[in-house]
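Visitor: I have a new structure to look at, and I would like to learn how to read some of its features. Could you guide me through them with care?

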Amino acid sequence: MLNRPGFPWASANSERYSLIRGDLCRGISPVKYVESLARQTAQKASQLDSDTPEQIKMREMFMLNFYWFMQTLLTRKDRCSMAHGLEVRVPFCDHRIAQYAYNIPPEIKFLEGREKGIVRLASERVLPKDVAWRKKSPYPKTHNPDYTKLMLEKFRALLKKTDCRLFDIMDAKKLRQLEETEGRVFSKNWYGQLMATSQMFAYMIQLEYWLEQYNVIIQK
């Protein structure tokens with residue numbers, strides 16, 4: 001993952017880009033565009049003269065997560081919690097902790113070969129060891145068959161609309177193929193281990209809503 005071009009957590013890139021209408025991609029390379037964004041962000045990573053190539057790469061990964069993935073998680077957290085009147089705190093996102101963690105060597109961050117290794121070790125003081133070192137259970141998990149069924153139903157209903165705005169951007173034939181095969185036309189998960197193809201249905205639904213809500217006009 002460290003050496004994958006672009007954003008390490010995004011897989012099956014060429015398959016995803018293939019959904020975009022071909023006439024909109026003339027003179028444009030989605031792959032090069034996304035990789036350029038990742039490079040620009042990675043260049044924000046400061047480093048020490050004593051850093052090894054692996055440490056430099058980990059610092060770049062930190063920047064990619066900080067400016068992209070973490071922003072998404074925090075926005076989702078804020079929207080979902082406040083929509084239900086909940087006040088959520090994220091103490092590990094304190095800027096002082098983030099600044100300190102930036103310079104923690106990878107071998108300490110991944111103590112015992114585990115993600116968040118140093119946090120797990122520290123938490124042994126207040127948590128049972130089997131809790132502190134249990135397998136990570138992040139959110140959202142989209143492998144639930146009920147979630148897949150719900151997203152597929154909404155996606156199918158979307159494609160039946162006479163004024164479906166997705167067709168302004170996406171290849172209609174490819175979207176139909178995605179629907180008919182229930183996503184099996186693509187062999188890989190779209191966004192890493194946690195987000196299978198059902199998440200693409202959700203993103204398409206969100207994109208349609210955005211295009212419609214703001215009356216976006218595509219200039220060709």
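**Charged pairs and backbone angles**

Guide: At 23% relative accessibility, Arg114 counts as partly exposed, a class that lies between buried (under 20% relative accessible area) and exposed (over 50%), with a 1.4 Å probe and protein chains only. Salt bridges that share partners link Arg114 with Glu115 and Arg120 in one network. Please keep in mind that this is a predicted model, in which local features need pLDDT of at least 70 and side-chain atom pairs count only at pLDDT 80 or more, while totals for chains, interfaces and linings use all residues. Residues are numbered from 1 along each chain as its sequence is written, and side-chain values use heavy atoms, with hydrogens and water left out.

Visitor: What is a salt bridge, and how many salt bridges does a search of the whole structure find?

Guide: Side chains of opposite charge can pair when their charged atoms come close. The term is used here for a side-chain nitrogen of Lys or Arg within 4 Å of a carboxyl oxygen of Asp or Glu. A search of the whole structure finds 13 of them, and one of these joins Glu115 to Arg114, at 3.9 Å from N to O. Glu115 is itself partly exposed, its relative accessible area being 26%.

Visitor: Are the partners Asp78 and Lys77 buried or exposed, or partly exposed?

Guide: Asp78 is partly exposed, at a relative accessible area of 39%, whereas Lys77 is buried, at 15%. Their salt bridge brings the closest N and O atoms to 2.6 Å apart.

Visitor: And which class holds Glu87 and Arg89?

Guide: Glu87 counts as exposed, with 55% relative accessibility, and Arg89 counts as exposed as well, with 66%. The side chains of Glu87 and Arg89 meet in a salt bridge of 3.6 Å, taken from N to O.

Visitor: Turning to the backbone, what is the sign of phi in most residues?

Guide: Most residues other than glycine have a negative phi. In this model, Glu112 has a positive phi, near 65°, although Glu112 is not a glycine. Glu112 lies in the loop between α5 (106-109) and α6 (117-123), where helices are DSSP runs of H or I with at least four residues, strands are runs of E with at least two, and the numbering starts from the N terminus. Glu112 is also exposed, with a relative accessible area of 65%.

Visitor: Where is Lys116 found, and what is its phi?

Guide: Lys116 is found in the loop between α5 and α6, and its phi is positive, at about 55°, in a residue that is not a glycine. Lys116 is partly exposed, with a relative accessible area of 47%.
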